[in-house]
Amino acid sequence: MADKKGPDGTGETGRGSEREADIRDDDLERRRRDLEASLASRRPDRLEGKDDAKAVTGYGQALKLSSEFIAGIVVGVAIGWIIDRLAGISPWGLIVGLLLGFGAGVLNVLRSAGLVSEFGQGEKSRDPKE
C-alpha cells in the first residue's frame with residue numbers, strides 16, 4: 001500500500017484509463033475557433049482590447065456624475081447653513097439650501113449626461129422646413 005504513488009495505484013493522477021488520445025490538440029483548437037466565431041457573430045460591436053476601455057470609461061462617467069450630484073447638495077447645504085448663521089433663521093435656511101442643492105445636483109447630472117441642453121441653448125428644430 002505504501003508503494004502506490006497515485007490515487008488509483010498506477011502512479012498516475014487524473015482520468016485513469018481515459019487518456020488524452022480522446023481529446024487532441026487540433027480538435028481543441030478547432031472547437032476554440034468555432035466558439036470564437038460564434039461569439040463574434042453574437043457580439044459584433046466588441047473588439048479585442050476595447051472591453052477594458054469601455055469598463056474604465058463607464059467607471060469614470062459614474063464617478064463624474066456622482067461627484068457632480070454630491071457637490072450640488074454640499075454647496076446648497078453650505079449656503080443654507082451660512083444663511084442660517086447670518087440671519088438667525090435656524091432650520092429654514094438649511095432646509096431650503098438642501099432642497100435647492102438637490103435640485104441643482106440633479107440638473108448637473110442631467111446636463112452632464114446630455115439629457116438636458118445647456119442654459120440659453122434651447123432645442124433647435126430638427127425639421128429643416130421650420
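Here are a few short exercises, with worked solutions, on a predicted model of a protein chain.

**Exercise 1. Confidence**

Find out which helix has the lowest confidence and which has the highest.

*Solution.* Start with the chain as a whole: its average pLDDT is 78, and 65% of the residues score at least 70. Next, turn to the helices. Helix 1 has the lowest confidence, with a mean of 87, while helix 3 has the highest, at 93. Keep one reading rule in mind: where pLDDT is low, the predicted coordinates should not be read in detail.

**Exercise 2. Arginine 30 and its partners**

Work out which aspartates form salt bridges with arginine 30, and where they lie in the helix.

*Solution.* Step one is to look at aspartate 27. Its side chain meets that of arginine 30 in a salt bridge, 2.7 Å from N to O. Both residues belong to helix 1, which covers residues 25-42, and they sit three residues apart, about one turn of the helix.

Step two is to look at aspartate 34. This residue also forms a salt bridge with arginine 30, and here the closest N and O atoms are 3.3 Å apart. Aspartate 34 and arginine 30 are separated by about one helical turn because they are four residues apart in helix 1.

Step three is to check exposure, for which the partly exposed class runs between 20% and 50% relative accessible area. Aspartate 27 has 24%, so it counts as partly exposed. Arginine 30, at 41%, is partly exposed, and aspartate 34 is partly exposed too, at 45%.

**Exercise 3. A network in helix 1**

Start from the salt bridge between glutamate 29 and arginine 33, and name the network that holds these residues.

*Solution.* First, check the pair itself: the side chains of glutamate 29 and arginine 33 meet at 3.9 Å, N to O. A salt bridge requires a distance within 4 Å, so this pair qualifies. The two residues are four apart in helix 1, which means that about one helical turn separates them.

Now widen the view. Glu29, Arg32, Arg33 and Glu36 are linked in a network of salt bridges. Of the two residues we began with, glutamate 29 is partly exposed at 33% relative accessibility, and arginine 33 is partly exposed at 45%. For the whole structure, the count of salt bridges is five.

**Exercise 4. A nonpolar patch**

List the residues of the nonpolar surface patch and say which helices supply at least two of them.

*Solution.* The patch is formed by Val75, Ile79, Ile83, Ile89, Trp92, Ile95 and Leu99, which together have about 690 Å² of accessible area. Helix 2 (50-87) and helix 3 (90-113) each supply at least two of the patch residues. Take isoleucine 83 as an example: this residue is found in helix 2. With 41% relative accessibility, isoleucine 83 counts as partly exposed. A patch residue needs over 30% relative accessible area, so isoleucine 83 passes that cut-off.

**Exercise 5. Two aromatic rings**

Find the aromatic pair and describe how its rings are arranged.

*Solution.* A search of the whole structure gives one aromatic pair. Its members are phenylalanine 69 and phenylalanine 102, with 5.5 Å from centre to centre and 75° between the planes. An angle over 60 degrees counts as edge-to-face, so that is the arrangement here. The pair links distant parts of the chain, as phenylalanine 69 is in helix 2 and phenylalanine 102 in helix 3, 33 residues apart. Finally, check exposure: phenylalanine 69 is partly exposed at 25%, and phenylalanine 102 is partly exposed at 45%.

Definitions and conventions:
Residues are numbered from 1 along each chain as its sequence is written. This is a predicted model: local features need pLDDT of at least 70, side-chain atom pairs count only at pLDDT 80 or more; totals for chains, interfaces and linings use all residues. Side-chain values use heavy atoms; hydrogens and water are left out. Buried means under 20% relative accessible area, exposed over 50%, partly exposed in between (1.4 Å probe, protein chains only). Patches are made of residues with over 30% relative accessible area and no salt bridge: like charges are joined within 9 Å, nonpolar side chains (Val, Leu, Ile, Met, Phe, Trp, Tyr) within 5 Å. Accessible areas come from the Shrake-Rupley method with a 1.4 Å probe; for residues, only the protein chains shown count as cover. pLDDT is the predictor's confidence in each residue, from 0 to 100. Rings of Phe, Tyr and Trp (its six-membered ring) pair if their centres lie within 6.5 Å; planes under 30 degrees apart count as stacked, over 60 as edge-to-face and the rest as tilted.
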